Amino acid sequence: MCEQIETQIEKLTLEIEGKKEELAKLKSKRPSFEVSNYEFSTPKGIVTLKDLFGDRRELILVYNMGSSCPYCTLWGDEYNGVYEHIQSRVPFVVSSPDKPENQTKFAASRGWTYPMIQSRQEFRREMKFETEDGDLWPGYSVFTLQDTGEILHVNKDFFGPMDSYCGVWHFFSHLPVSDKEWHPQFRY
């Protein structure tokens, strides 16, 4: 029985890994679209989407729902641990609807070190991370800066419980007793 379960786990793990690779390839073929050079507020003033690229050609921009969301805070805490690794390859910026002064205060309380911007509703809506009803969705977009100066949105994904972007969910999925009622908190 034990060997049979291990064999099933191994087989399913390989299937899942194959499906993840297949999904990544499919997402890489997602049609890109041109994006305006939006302006964002930061603690240091206004920056444009092009400014966020620095001297690079790719950008990862995260959509955080703000300091009132414990789920986005959980993801935000995890970015802090991998920020240096990510930014060694590509600029990484976290956006939220919160005002820059609120972001600064909240980020300091969490020990966050990555750059943050205040995203505007029209930007979030064009990127499909805010509905017409004002509901926000966490996730991220990948942008490229073309030699012509145009900015392209080339990929995106959404965040949610049990996603691949927060290791906490993966660890919890291996516990013998499921606790579907667990929710992240700001403090424990």
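Student: In this predicted model, what makes strand E4 (residues 58–63) and E7 count as paired?

Tutor: Pairing requires that DSSP find at least two bridges between the two strands; six bridges join E4 to E7, therefore the two strands pair, and they run antiparallel. One of the contacts between the strands can be named, since leucine 59 has phenylalanine 143 in E7 as its bridge partner.

Student: How do you know that E7 also pairs with E8?

Tutor: The reasoning is the one used before: seven bridges join E7 to E8, against a requirement of at least two, so these strands pair as well, and their direction is again antiparallel. Valine 142, for instance, has asparagine 155 in E8 as its bridge partner. The hairpin that E7 and E8 form has five residues between the strands, and in this hairpin glycine 149 takes a positive phi near 95°.

Student: Why is strand E7 called largely enclosed by the rest of the structure?

Tutor: A residue is buried when its relative accessible area is under 20%, and seven of the seven residues of E7 (residues 139–145) are buried, so the strand is largely enclosed by the rest of the structure. Both faces of E7 take part in this: Gly139, Ser141, Phe143 and Leu145 point one way, Tyr140, Val142 and Thr144 point the other way, and all are buried. For the protein as a whole, 37% of the 188 residues count as buried.

Student: Why is the aromatic pair of tyrosine 79 and phenylalanine 159 called tilted?

Tutor: A pair of aromatic rings is described by the distance of the centres and the angle of the planes. The structure holds 23 aromatic pairs, and in the one formed by tyrosine 79 and phenylalanine 159 the distance is 6.4 Å centre to centre, with 45° between the planes. The distance lies within the 6.5 Å limit, so the rings pair, and the angle is neither under 30 degrees, as for stacked, nor over 60, as for edge-to-face, so the pair is tilted.

Student: What makes this a link between distant parts of the chain?

Tutor: Tyrosine 79 belongs to helix H3 (residues 70–87), whereas phenylalanine 159 lies in the loop between strand E8 (151–158) and helix H6 (167–173), and the two residues are 80 residues apart. Both tyrosine 79 and phenylalanine 159 are buried.

Student: What share of contacts in the protein between residues at least 6 apart in sequence joins residues at least 24 apart?

Tutor: Among those contacts, 63% join residues at least 24 apart, in a protein that has six helices and eight strands.

Technical notes
Residues are numbered from 1 along each chain as its sequence is written. This is a predicted model: local features need pLDDT of at least 70, side-chain atom pairs count only at pLDDT 80 or more; totals for chains, interfaces and linings use all residues. Side-chain values use heavy atoms; hydrogens and water are left out. Rings of Phe, Tyr and Trp (its six-membered ring) pair if their centres lie within 6.5 Å; planes under 30 degrees apart count as stacked, over 60 as edge-to-face and the rest as tilted. Helices (H or I, at least four residues) and strands (E, at least two) are DSSP runs, numbered from the N terminus. Buried means under 20% relative accessible area, exposed over 50%, partly exposed in between (1.4 Å probe, protein chains only). Contact means heavy atoms within 4.5 Å.
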